[in-house]
Amino acid sequence: MKLVFATHNLNKFKEVQALLPSSIELLSLTDIGCNEDIPETEETIEGNAKLKVVHVRKQYNLNCFGDDTGLEVRSLNNEPGVYSARYSGKDATANTNMDKLLDNLKDKEDRSARFKTAIALDIDGKEQLFIGLCEGSITTERSGSKGFGYDPIFLPNEATVTFAEMSMGEKSRIGHRGKAMRKLIEYLNR
Ligand code: IMP
């Protein structure tokens, strides 16, 4: 079965491809000729995930899933949440986002946080939603060079190293996207 993963993020694509059975031919947005970024205009992580599959269904009429992820920091009222990508402004990079987060947490005792992934799936027009959570905390400095985004400063409760210090397989085993993906795969295999 051909299935579109509505992303341009190669890191995410690889993480997800490694989890899927070979019976599924995974296509990225680039593979289907969609070179634009689908705007994330909703106010929830779930809403943004859904927006992506609605766009692919409308424009390309293909079976598709799309994800959105946010980092929710408890002492910052669950910020950056749905704004994780643009936390430090419209020209944000992973580095400027991490700098802002570390700065905002400078005087906070509670550094607990969680990643939340929502995956929306549309098979033949039937929509489903899958959620994956990973609880952890924000470190005081960066550690590791693997992964992407906030990985160097996120320490999952189930680990002794940050996401950026572990293999992709280990991150998927305990991480938010892996958990949501396994729910999606279970659904596809049913
Ligand atoms: P999106 O799901 O691509 O919109 O991600 C929103 C923001 O969260 C981006 O800044 C990503 O870098 C960050 N992000 C998403 N997934 C992860 C992850 O697995 N680890 C670290 N940061 C992530």
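Helices and strands here are DSSP runs, numbered from the N terminus, and a residue belongs to the shell around the ligand if one of its heavy atoms lies within 4 Å of it. With that in hand, let's walk through this predicted model, starting at the ligand. Two elements, β3 (64-73) and α5 (176-189), each supply at least two residues of that shell.

The shell holds 14 residues in total, and the closest are Lys12, Asp151, Lys171, His176 and Arg177. Sort the shell by class and you get six charged residues, four polar ones and four nonpolar ones. As for where the ligand sits, the space it takes is the largest pocket.

Now for the contacts themselves. Asp151 has a side-chain N or O atom 2.6 Å from a nitrogen atom of the ligand. Arg177 also puts a polar side-chain atom 2.6 Å from a ligand nitrogen. Lys171, on the other hand, pairs with an oxygen: a ligand oxygen atom is 2.8 Å from an N or O atom in the Lys171 side chain. How much of the ligand does the protein bury? On its own the ligand exposes 470 Å², and the protein buries 89% of that.

From the ligand, follow β3, one of the elements that supply the shell, to Thr69, which is found in that strand. Is Thr69 buried or exposed? Its relative accessible area is 16%, so Thr69 counts as buried, the cut-off being under 20%. The side chain of Thr69 has a partner in Thr117, with a polar contact of 2.9 Å joining the two side chains. Thr117 has its place in strand β5 (residues 112-123), so this contact links a residue of β3 with a residue of β5. Thr117 is buried too, because its relative accessible area is 0%.

Next, take the stretch that follows β3. Arg74 has its place in the loop between β3 and β4. At 56% relative accessibility Arg74 is over the 50% mark, so it counts as exposed. Arg74 and Ala113 are 39 residues apart in sequence, yet their C-alpha atoms are 5.7 Å apart in space.

Asn78 lies in that loop between β3 and β4 as well. What about its backbone? Most residues other than glycine have a negative phi, and most peptide bonds are trans. Asn78 has a positive phi, near 65 degrees, and is not a glycine. With a relative accessible area of 42%, Asn78 falls between the two cut-offs and is therefore partly exposed.

A little further on comes a cis peptide bond, running from Glu79 to Pro80 with omega near -5 degrees. Pro80 lies in strand β4 (residues 79-81). For a sense of distance across the model, pair Pro80 with Ser28: the two are 52 residues apart in sequence and 26 Å apart in space, C-alpha to C-alpha. Ser28 has its place in strand β2 (residues 25-28) and counts as buried because its relative accessible area is 11%.

There's another positive phi to look at. Asp124 is not a glycine, but its phi is about 50 degrees. You'll find Asp124 in the loop between β5 and β6 (126-138). Asp124 has 66% relative accessibility, so it counts as exposed.

Two more stops are worth a look on the way out. Asn97 lies in helix α3 (residues 94-104), and at 4% relative accessibility it counts as buried. How far apart are Asn97 and Ser84 in space? Their C-alpha atoms are 7.8 Å apart, with their positions 13 residues apart in sequence.

Val161 is the other stop, in the loop between β7 (154-156) and α4 (168-174). Val161 has a relative accessible area of 29%, so it counts as partly exposed. Val161 and Ile174 are 13 residues apart along the chain, and 12 Å separates their C-alpha atoms.

Definitions and conventions. Residues numbered from 1 in each chain as written. Predicted model: local features only at pLDDT ≥ 70, side-chain atom pairs only at ≥ 80, totals over all residues. Heavy atoms only, no water. Polar contact = N/O pair within 3.5 Å; in protein donor to acceptor, adjacent residues only side chain to side chain. Areas by Shrake-Rupley, 256 points an atom, 1.4 Å probe, with all protein chains shown as cover. 1 Å grid on protein atoms, 1.4 Å probe; cavity = no way out; pocket = protein on both sides within 12 Å on 5 of 7 lines; lining within 4 Å. Sits in = over half its atoms within 2 Å of the grid points. Helix = DSSP H or I, 4+ residues; strand = E, 2+ residues; numbered from the N terminus. Nonpolar A, V, L, I, M, F, W, Y, C, P; charged D, E, K, R; others polar. Buried < 20%, exposed > 50% of the residue type's maximum accessible area, 1.4 Å probe, protein only.
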